[in-house]
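Please open the model in a viewer and keep the selection panel at hand. The stops below follow one another as a sequence of selections.

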Amino acid sequence: MTIEIRNETTAVVDEKEFVELSRFVFEAMHLNPATEMSILFVDEDAMEKLHVQWLDLPGPTDVMSFPMDELIPGTPQQPAPEGLLGDVVLCPSVATKQAAEAGHSAVEEMLLLTVHSILHLLGYDHMEEDERTEMFDLQRQLLLTFLASRSEH
């Protein structure tokens, strides 16, 4: 699994933690070991440009997902084919504001947004209520399991 991380901000990001989280989610979703993905951390100006360009919405957002090979989750018996999952673009300053409102740390918010984005890259969505329930339940389960496995070390 290749997870490329680029931080174009002044925010301090533990790149190793985001790689480990991504690998955890890849394994849980039965992705091929040769799957590739990138995570790019950007400032609010760069995020706003992407938000306007791709969604025609003003202002910066927390995270955006750009799928590439339209991979979907595999199963233990039939892992997903190898490919380029896509790009996650995350804005730490927006995530930090959201974390304060939600009552948890900025790192936890960015880890949550990373799981959320990987699920989007795998075709999950939350436009309909049943899709939203499925995606958010899975997102919560993956993140909590990852965090619990890290606290055991």
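Select leucine 55 first: with a relative accessibility of 49%, this residue counts as partly exposed. In this predicted model, leucine 55 is found in helix 2. Now add Trp54 and Leu57 to the selection and display the surface; together with Leu55 they make a nonpolar patch of about 330 Å².

Stay in helix 2 and select alanine 46. Its relative accessible area is 28%, so alanine 46 is partly exposed. To gauge distance from here, draw a line from the C-alpha of alanine 46 to the C-alpha of phenylalanine 18: the two residues are 21 Å apart in space and 28 residues apart in sequence.

The tour now turns to the aromatic rings. How many aromatic pairs does a search of the whole structure find? The search finds three. Two of them are visited here, beginning with phenylalanine 24 and phenylalanine 146, whose ring centres are 5.7 Å apart. The planes of these two rings meet at 55 degrees, and the pair is therefore tilted; the edge-to-face class would require an angle over 60 degrees. Colour helix 1 (residues 15-28) and helix 5 (residues 129-151) separately: phenylalanine 24 lies in the former and phenylalanine 146 in the latter, so the contact ties together parts 122 residues apart in sequence.

Are the two partners buried or exposed? Phenylalanine 24 counts as partly exposed, at 22% relative accessibility, whereas phenylalanine 146 counts as buried, at 3%.

Next, select tryptophan 54 again, this time with phenylalanine 66. The centres of their rings are 5.6 Å apart and their planes stand at 70 degrees, so this pair is edge-to-face. Tryptophan 54 belongs to helix 2 (residues 44-55) and phenylalanine 66 to strand 3 (residues 63-67); the pair links distant parts of the chain, 12 residues apart. Tryptophan 54 counts as exposed because its relative accessibility is 52%, and the limit for that class is over 50%. Phenylalanine 66, at 17%, counts as buried. Tryptophan 54 thus appears at two stops, as a member of the nonpolar patch and as the partner of phenylalanine 66.

For the last stop, select arginine 132 and phenylalanine 136. What lies over the face of phenylalanine 136? Arginine 132 does, at 4.4 Å from the ring centre.

Notes:
Residues are numbered from 1 along each chain as its sequence is written. This is a predicted model: local features need pLDDT of at least 70, side-chain atom pairs count only at pLDDT 80 or more; totals for chains, interfaces and linings use all residues. Side-chain values use heavy atoms; hydrogens and water are left out. Rings of Phe, Tyr and Trp (its six-membered ring) pair if their centres lie within 6.5 Å; planes under 30 degrees apart count as stacked, over 60 as edge-to-face and the rest as tilted. Helices (H or I, at least four residues) and strands (E, at least two) are DSSP runs, numbered from the N terminus. Buried means under 20% relative accessible area, exposed over 50%, partly exposed in between (1.4 Å probe, protein chains only). A charge sits over a ring if NZ of Lys or CZ of Arg is within 6 Å of the ring centre and within 35 degrees of the ring normal. Patches are made of residues with over 30% relative accessible area and no salt bridge: like charges are joined within 9 Å, nonpolar side chains (Val, Leu, Ile, Met, Phe, Trp, Tyr) within 5 Å. Accessible areas come from the Shrake-Rupley method with a 1.4 Å probe; for residues, only the protein chains shown count as cover. A salt bridge is a side-chain nitrogen of Lys or Arg within 4 Å of a carboxyl oxygen of Asp or Glu.
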